[in-house]
Amino acid sequence: MSITPPTPSPASASVVSLLKEDRVFAPTAAQAASLGGAYCGSLDEYRVQHARSLADPAGFWAEVAADFEWFTPWTSVVEWNCPDAKWFVGATTNICHNAVDRHVLDGHGHEVAIIWEGEPMPNGVPEVRHISYGELLEDVSRCANALKSLGVVKGDVVTLYMGMVPELAVAMLACARIGAAHSVIFGGFPAPAIVDRMLDAASRVIITCDGAWRRGSVVALKQNVDHAIELLAAAGHTVSHSVVLRRTDNDITWNPARDVCWKELNATMSSECECEAMDSEDLLFLLYTSGSTGKPKGIRHSVGGYMVYTAFSAQQTFNLRASCGQVFWCTADIGWVTGHSYIVYGILPNRVPTLMYEGAPNFPGDDRFWEIIARHRVTHLYTAPTAIRAFMKWGDEHPAKHDLSTLKLLGSVGEPINPEAWMWYREHIGHDACPIVDTFWQTETGGHVITPLPCATPTVPGSCTLPFFGIDAAVVDEHGNELPANTGGLLVIRKPWPAMLRGIHGDRARFIDTYWSRVEGMYLAGDGARRDDRGYFWIMGRIDDVINVSGHRLGTMEVESALVSHPAVVEAAVVGMPHDIKGTGIAAFVSLAPTAIASDALKAALREHVAGVLGPIAKPDMIRFTQSLPKTRSGKIMRRLLRDVAAGRDSNQDTTTLEDFAVLAALRGNDE
């Protein structure tokens, strides 16, 4: 890592970009061979295909969509009236048919669709299930018929609040099969989060579990649902049915007028259920994202464009090939968009087994993930930077004692990955043999929008590299003017893509204001970014996280990466804080490696280290050592809460997504 600090004008509106990475890893022929051959085999080939996808989107996406089965053909591929897009206009299809039925009809019903491992390990032996496409089709059909028997019809929204069990994927596909949209709520959310989402979606049917396993304890899901139903009733909203899957056998209350047993209900249903013909623009699902303030946003995704884009992006980004012995493991929870797109809807159509794991990565031991990879001979691992940094902190010895030789590709998702975490991932998990695809995308984008292609793109630690096919991404100023290399600005997408969100449920004004009002005619991702001399994208942090220090606007991600590059630091979060002289100072919250000792001397050393990497302007004004950082349940650091801590003020922000409230309490009690 090297540094050539720029000297911008204090009045500059651009973000100062200080971090430069010199390490480059080119794809190899051996890597392509291990992945069964390349879909896109060189950077030149990528550039030609990408240029064509922008110049002729109708022709490009028509060819991609031809690999799927449609009940009725489209009359036009795309209609664009910013900010509204329609894809595969007039076509009808069903995503469940393309994910499950067609494989059975083509003679692959015996092949494994889902590998599931439960968290508990009685006598050291995990509970494991292998579900074939034929079995999945029968389970989905029974569940679909069960939903119909409860009065669910096309256009209804069914709420799913479950642990990471195969029945969650079954329920999603069952909803899609009959044309009911699903709204999956992460199983760690409390009752008020359920209330907000069910009210907004006008949902009257919920599917849940009695409980879910997490680090050996039971998360009382049914109890949370019961409480939510009480709160909903007080608000005048009636939940007609609560379908309950028995998983943990914890004590639950039972209301026979409303509660229905999953097993008993499905057992009475036929294993045959015809797929509903869905218009390409029909609603497939709602998925709620939390803002820093206000109620969660219900992101709307439609059937056809999302189906095509997620499966194609999975195929290309991960080089997925059926019948090649691949096993794909995305470690996310299905309650997040990563699980929707790259556990269920993007993977099953590619006929590659998708692995689901119920529990925590460190139960019963810190090596649980590596055990799972060795046990199931996983070839593709897709996980989050926050998990990678946790693995680093737990110690190199844990992956070292397991056979990870089956791994062919590694992926990163959820937030920008620090270069040093990227290198650890490459060396200790991939043994310097696996390409790493560092993917950037959002709930709103549906699938990858900036990502390497494993057999084509030379990768650089910390960069998500180049736009995916069909994505016209750019870094611009407030007026939409594209900025020169190594100048930070607003990340936008200038043309429509098939999986883009179709709106915020019930709130047209918020949809336009959030994504389309700041830069006219362009989708605003909400992130600051820069492009380097190669044209590679670097995500510099959320726009709200940019710090203005003495007139110089710094991206928090670069300061965090500089801190993590110090051997004493495993994880860091950087935010702005009030400063009498600078206006805004830099506050750093730092988690140390197990061998490091917190001290004033180490704080001074870290300040100097950052100055050496990024220049004196980026030196933190305050450093706090902490065992843990406040994170969402999907692993993202909640920097907006840290801004309140750094400023010494009480926070009145939404904390429903916070995983561990004790972390925030400890930080508030930890004086500098």
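Helices and strands here are DSSP runs, helices of at least four residues and strands of at least two, numbered from the N terminus. The model is predicted.

**Exercise 1. Place serine 323 and describe its surroundings.**

Task: State where serine 323 lies, whether it is buried or exposed, and which residues it touches.

Solution.
- Step 1. Serine 323 sits in the loop between α10 and β17 (328–330).
- Step 2. The relative accessible area of serine 323 is 58%. Exposed means over 50%. Serine 323 is therefore exposed.
- Step 3. Leaving out residues up to four places away in sequence, serine 323 touches Glu111 and Arg351.
- Step 4. With arginine 351 there is a polar contact, side chain to side chain, at 2.7 Å. The cut-off for such a pair of N or O atoms is 3.5 Å.
- Step 5. Proline 353 is 30 residues from serine 323 along the chain, and their C-alpha atoms are separated by 9.6 Å.

**Exercise 2. Check the length of helix α10.**

Task: Compare the expected span of α10 (residues 303–318) with the distance between its end C-alpha atoms, then describe its cover and what follows it.

Solution.
- Step 1. α10 has 16 residues. The expected span is 1.5 Å times one less than the number of residues.
- Step 2. That rule gives 22 Å for α10. The end C-alpha atoms are 22 Å apart, so the two agree.
- Step 3. Of the 16 residues of α10, 16 are buried. Buried means under 20% relative accessible area.
- Step 4. Just after α10 comes asparagine 319, with a positive phi of about 55°.

**Exercise 3. Lay out the seven-stranded sheet.**

Task: Give the strand order, name the edges, and place α10 against the sheet.

Solution.
- Step 1. The order is β13-β12-β9-β7-β8-β15-β16. The sheet is open, and its pairing is mixed.
- Step 2. β13 (259–261) and β16 (297–302) each have a single partner strand, so one side of each lacks a neighbour in the sheet.
- Step 3. On average, neighbouring strands of this sheet are turned by 25° against each other, direction ignored.
- Step 4. Take the pair at the β16 edge. β15 (residues 283–289) and β16 run antiparallel, joined by six bridges. Leucine 287 stands opposite isoleucine 299 in β16.
- Step 5. α10 lies across β15 and β16, and runs at about 80° to β16.

**Exercise 4. Find the nonpolar cores.**

Task: Say how many residues the largest nonpolar core has and which have the most contacts inside it.

Solution.
- Step 1. The largest core has 143 residues. Trp61, Leu136 and Leu173 have the most contacts inside it.
- Step 2. Helix α6 (residues 166–178) gives the largest share of this core, 10 residues.
- Step 3. Another core, of 30 residues, lies apart from it; Val327, Trp329, Ile372 and Leu404 are among its members.
- Step 4. Now look at tryptophan 61. Its contacts, beyond four places in sequence, include Val308, Tyr309 and Phe312. Others include Trp87, Phe88 and Pro498.

**Exercise 5. Lay out the four-stranded sheet.**

Task: Give the order of the strands and the helix that packs on them.

Solution.
- Step 1. The order is β22-β23-β24-β25, an open sheet with antiparallel pairing.
- Step 2. β22 (473–476) and β25 (537–542) are the edge strands, each pairing on one side only.
- Step 3. The average turn between neighbouring strands of this sheet is 45°, direction ignored.
- Step 4. Four bridges join β22 to β23 (residues 489–493). Alanine 473 stands opposite isoleucine 493 in β23.
- Step 5. Helix α17 (residues 556–564) packs on the sheet, touching β24 (523–531) and β25. The direction of α17 makes about 100° with that of β25.

Methods
Residues are numbered from 1 along each chain as its sequence is written. This is a predicted model: local features need pLDDT of at least 70, side-chain atom pairs count only at pLDDT 80 or more; totals for chains, interfaces and linings use all residues. Side-chain values use heavy atoms; hydrogens and water are left out. Buried means under 20% relative accessible area, exposed over 50%, partly exposed in between (1.4 Å probe, protein chains only). Two strands pair if DSSP finds at least two bridges between them. Axes are lines fitted to C-alpha atoms, for helices over the stretch in contact, and angles run from 0 to 180 degrees between N-to-C directions. Contact means heavy atoms within 4.5 Å. A nonpolar core is a set of buried Ala, Val, Leu, Ile, Met, Phe, Trp, Tyr and Cys residues joined through side-chain atoms within 4.5 Å. A polar contact is a pair of N or O atoms within 3.5 Å; within protein, one must be able to donate a hydrogen and the other to accept it, and residues adjacent in sequence count only if both atoms are side-chain atoms.
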